[in-house]
Amino acid sequence: MAEGLVGGEGFAVDASLIRADANRQTGGPGSDGMPPDADSRAVREYFAVLDDAAFGAATPVVPKYLAPADPASRWTSAHRGPAFYAYSTKYLIDLDHAVIMDVEASTAVRQAEVTACKRMIARVQDRFGVWPERLAADTAYGSAEMLAWLVHERDIQPHIPVFDKSARRDGTFERDAFIYDHDDDSYVCPGGKRLRPRNRNFATARGDVGQDGFIRYRPPQQDCGGCALRERCTPNMPARKVTRSIHEGARDLARDIATTDAYVTSRRQRKKVEMLFAHLKRILKLDRLRLRGPNGARDEFHMAATAQDLRKMAKLIPLATQPLPA
């Protein structure tokens, strides 16, 4: 920062899997838990992070297999090849010169990526006073909750594709065909009918928001039953349903940003973090950890990132001119 290598306007974040020092042949089913006689440092660290949102609490899903040598590592087949035990390293970089601003180690699941991203952004803001204007990332960071956190809590523009499962492959109307009426809190379908969270009043008040943070909008069944567009809208269900997130405002902002030239530039610049991971594995040879446990993963990831930043400084900052020996 003192040398002007950090602009502080645009950041990018991404994650990469690093193989753990655990033999894929010696693990047992995750449902069986740890052997009673397991008492190594890696095992003690595993129990210590069971409630950590970046490790044990990242997902309620029980791991398919558990490695007694390093139980905090996660069994994964994300590379679409033979499964292996791995940790995940996350980089938060400045887009000017790809300087690594922060590093976070976590378990190898997507939910932990979002948690790590939030932690890194908060640390950089608290430690260095750097508040980026925009964040570039892939769809893994495009959940409604993450976009809302960036927009409403950190005032950061999300240059991130929205994680959306509303696309349809059967030729029926997609969600975009339904127009949202803010004043009436309803959707208007292509046939002109209204979809609402409730179509009748209940004696006991009910909440409209589901446990997943989405509101379901539906029309009365008779509206769909006699509609001429039924076969193009909801041929297999009595009535059509449209979901809307409670964070839809942040999602709409991300969709609007995705149509700008600045977004295209951010998508191109985001490749810088992927290049850092390629350098990490191919040049620094950190494609497999030497240390075990969450602390070992953190130490190796931070040392490697430090080496990459020092290498960056050596390339970008010219050495002071030294007088030639007489």
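Let's begin with an open sheet of three strands, ordered β9-β10-β11 and paired in antiparallel fashion. Strands β9 (179–181) and β11 (194–195) stand at its edges, and each has a single partner strand, so one side of each is left without a neighbour in the sheet. Keep in mind as you look around that this is a predicted model.

Now follow the contact between β10 and β11. Strand β10 covers residues 186–188, and two bridges join it to β11, with the two strands running antiparallel. If you want a residue to start from, pick V188: its bridge partner in β11 is R194.

From here, turn to the aromatic rings. The model holds eight aromatic pairs. One of them is formed by W75 and Y85, which meet edge-to-face, with 4.9 Å from centre to centre and 65 degrees between the planes. W75 belongs to strand β4 (residues 74–76) and Y85 to strand β5 (residues 84–94), so this pair ties together parts that are ten residues apart in sequence.

How exposed are these two rings' residues? W75 has a relative accessibility of 18%, and it counts as buried because the cut-off is under 20%. Y85 is buried too, with a relative accessible area of 2%. Both residues also belong to a cluster in which ring pairs link Y65, W75 and Y85.

Finally, look for charged side chains placed over rings. R19 lies over the face of F84, at 4.1 Å from the ring centre. Another example is R110, whose charged end sits over the ring of F163, 4.6 Å from its centre.

Definitions and conventions
Residues numbered from 1 in each chain as written. Predicted model: local features only at pLDDT ≥ 70, side-chain atom pairs only at ≥ 80, totals over all residues. Heavy atoms only, no water. Phe/Tyr/Trp six-rings, centres within 6.5 Å; stacked < 30°, edge-to-face > 60°. Helix = DSSP H or I, 4+ residues; strand = E, 2+ residues; numbered from the N terminus. Buried < 20%, exposed > 50% of the residue type's maximum accessible area, 1.4 Å probe, protein only. Lys NZ or Arg CZ within 6 Å of the ring centre and 35° of its normal. Pairing = 2+ DSSP bridges.
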